[in-house]
Amino acid sequence: MTVTIPLFRCFLLFFHVVVVFHLVSATELTFELADDDIQCFFEEIEKGEKFSLDYQVITGGNYDVDCSIVDPGAKVLYEESKKQYDHFSHTAEKTGVYKVCFSNEFSTFSHKTVYFDLQTREEPALIPEMHNRVSALTQMESSSVLIHEILKTISESQTHYRLREAIDRIRAEEIHEHVMYWSVGETLILFVVSISQVVMLKSFFTDKKSIPGLGF
Amino acid sequence: MSPFSQIVFIALLSSLSLTRALYFHIGETEKKCFIEEIPDETMVIGKYRTQLWDKQTAAFLPSTPGLGMHVEVKDPDTKVVLSRQYGAEGRFTFTSHTPGEHQICLHSNSSKMALFTGGKLRVHLDIQVGEHTNNYPEIAAKDKLTELQLRVRQLLDQVEQIQKEQNYQRYREERFRMTSESTNQRVLWWSITQTVILLITGIWQMRHLKSFFEAKKLV
């Protein structure tokens with residue numbers, strides 16, 4: 001049994017999908033910030049929309065970064081220095097392009113990996129026609145919406161744990177490597193120092209004519 | 001309109017260009033990389049749109065023919081999974097087969113343009129991972145699902161992704177534990193080795209110097 005949808009309804013669907021697609025915006029990215037570098041991201045936000053920014057430093061140096069958010073009128077909404085992680089939410093007062101900048105300019109040689117999650121706008125409905133609901137949701141439907149929201153929270157906390165675990169794991173791997181290098185280095189230094197000690201002592205006694213009891 | 005053409009319609013719409021997404025600026029020859037840490041068998045869809053800076057109008061051109069981006073994706077073992085050239089606007093997709101950190105790198109192919117404009121590019125980017133890659137209107141149309149059925153399908157996808165992430169977590173924890181135990185072993189063996197070398201060197205030094213002083217008749 002095939003269901004044919006009249007052309008008009010198709011256009012309505014088209015219109016809704018177009019509109020809905022342009023409303024989706026939750027971007028999470030992990031990028032590398034070189035030393036003495038600044039990286040900015042821009043997002044167009046409408047007035048009255050709530051947006052939130054979460055960021056965390058995953059690798060590098062003292063695990064800190066400078067972050068700032070500037071609104072279209074060049075007003076600084078948020079500015080923090082050397083933070084390891086933070087959360088900021090705000091309701092946009094102006095329509096326009098908001099700028100989020102991460103800066104590693106205070107660091108001279110450590111490059112950092114930064115994760116950030118910029119969420120703007122409400123999550124759109126699952127299929128566009130849901131926007132046009134006239135009746136209230138049934139209990140089944142409202143329970144499933146609730147489950148959906150809870151699962152989203154679980155997913156977000158999984159991301160949070162994954163990031164924290166990544167920080168520790170990468171640091172452990174660095175220690176693993178460094179232990180090897182330092183041990184080899186120390187052994188070499190040990191040999192060099194002991195041999196040169198003996199050589200130097202010998203040289204003291206061979207240069208001067210042997211005077212018994214004099215040794216330094 | 002037949003269901004098939006409906007699906008085609010919706011599929012076409014799903015690959016619509018981005019007009020409102022996060023964007024950033026890169027230099028013409030600059031390479032920008034993003035890291036995605038994902039469990040295995042996870043699909044990642046990336047959509048981007050590039051605009052070139054025009055010095056004359058001091059604005060970003062809406063479209064530039066000939067402008068292209070090279071997309072390279074590397075898996076956790078630094079093996080190249082995807083390496084393709086796309087136009088100014090593109091959509092790339094890959095599925096991870098090993099869990100871990102995948103690196104998505106983008107750079108412009110306009111080596112000739114760099115001489116003339118020496119300018120910057122604006123890249124609009126949107127990367128979706130896991131269950132966010134599913135196109136629910138398309139699935140609803142294809143399988144003819146009601147809203148509730150579609151919602152349940154979405155919940156199933158979400159739960160599946162959560163499960164994959166948990167398996168990945170277990171795998172990571174195992175690796176972490178192995179690294180820590182290996183570090184422990186290394187520290188132990190190197191400490192013993194260095195102490196032994198220290199003792200041997202000390203003894204050698206004393207014996208050598210003793211025989212040297214005896215030869216010099218100082219002792």
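# Disulfides, rings and cavities

Student: Hi! Which cysteine does Cys40(A) pair up with?
Tutor: Hello! In this predicted model, a disulfide joins Cys40(A) to Cys101(A), with 1.9 Å from S to S. The two are 61 residues apart, so to speak linking distant parts of the chain: Cys40(A) belongs to strand E2 of chain A and Cys101(A) to strand E7 of chain A.

Student: What's the handedness of that link between Cys40(A) and Cys101(A)?
Tutor: Right-handed, with 105° about the S-S bond.

Student: Is Cys40(A) buried or exposed?
Tutor: Buried: Cys40(A) has a relative accessible area of 16%. Its partner Cys101(A) is buried too, at 6%.

Student: OK, and how many disulfides are there over all chains?
Tutor: Two. Besides the one in chain A, a disulfide joins Cys33(B) to Cys105(B), at 2.0 Å from S to S. The torsion about its S-S bond is about 105°, so this disulfide is right-handed.

Student: Where do Cys33(B) and Cys105(B) sit in the chain?
Tutor: Cys33(B) is in strand E2 of chain B and Cys105(B) is in strand E8, residues 100–108, of chain B. They are 72 residues apart, so the pair also links distant parts of the chain. Cys105(B) is buried, with a relative accessible area of 2%. Cys33(B), at 22%, counts as partly exposed because buried means under 20%.

Student: What about Cys67(A), which cysteine sulfur is nearest to it?
Tutor: That of Cys101(A), which is 8.2 Å away. A disulfide needs the sulfur atoms within 2.5 Å, so Cys67(A) is in no disulfide. Cys67(A) is buried, with a relative accessible area of 1%.

Student: Switching to rings. How many aromatic pairs does a search of the whole structure find?
Tutor: It finds 15 over all chains. One of them is Phe41(A) with Phe116(A): the centres are 4.7 Å apart and the planes are at 40°, so the pair is tilted. Phe41(A) is in strand E2 of chain A and Phe116(A) in strand E8, residues 112–120, of chain A, with their positions 75 residues apart in the chain. Both Phe41(A) and Phe116(A) are buried.

Student: And in chain B, how are Phe24(B) and Phe34(B) arranged?
Tutor: Edge-to-face, 5.5 Å centre to centre and 65° between the planes. Phe24(B) lies in strand E1 of chain B and Phe34(B) in strand E2 of chain B, so the pair ties together parts 10 residues apart in sequence. Both are buried.

Student: Which aromatic cluster is Phe34(B) part of?
Tutor: One that includes Phe24(B) as well as chain A residues, among them Phe41(A), Tyr55(A) and Phe116(A).

Student: What sits over the ring of Phe34(B)?
Tutor: The charged end of Lys32(B), 5.9 Å from the ring centre. Likewise, Arg172(B) lies over the face of Tyr168(B), at 4.3 Å from the ring centre.

Student: Last topic, cavities. How many of 30 Å³ or more does the structure hold?
Tutor: Two. The largest has about 40 Å³ of space, and its lining includes Tyr115(A), Arg162(A) and Glu36(B). That lining divides into three nonpolar, one polar and four charged residues.

Student: And which residues line the second largest cavity?
Tutor: Phe41(A) again, along with others including Phe42(A), Tyr98(A) and Leu118(A). The space is about 30 Å³. Strand E2 of chain A gives the largest share of the lining, four residues. By class, seven are nonpolar, none polar and one charged.

Methods:
Residues are numbered from 1 along each chain as its sequence is written. Chains are lettered from A and ligands numbered from 1 in the order in which they are written. This is a predicted model: local features need pLDDT of at least 70, side-chain atom pairs count only at pLDDT 80 or more; totals for chains, interfaces and linings use all residues. Side-chain values use heavy atoms; hydrogens and water are left out. On a 1 Å grid over the protein atoms alone, a cavity is a set of points where a 1.4 Å probe fits but cannot get out, and a pocket is an open set with protein on both sides within 12 Å along at least five of seven lines; lining residues have an atom within 4 Å of a point. Grid points are joined across faces, edges and corners, and a volume is the space filled by probe spheres set on the points. Ala, Val, Leu, Ile, Met, Phe, Trp, Tyr, Cys and Pro count as nonpolar, Asp, Glu, Lys and Arg as charged, and the others, Gly among them, as polar. Buried means under 20% relative accessible area, exposed over 50%, partly exposed in between (1.4 Å probe, protein chains only). Rings of Phe, Tyr and Trp (its six-membered ring) pair if their centres lie within 6.5 Å; planes under 30 degrees apart count as stacked, over 60 as edge-to-face and the rest as tilted. A charge sits over a ring if NZ of Lys or CZ of Arg is within 6 Å of the ring centre and within 35 degrees of the ring normal.
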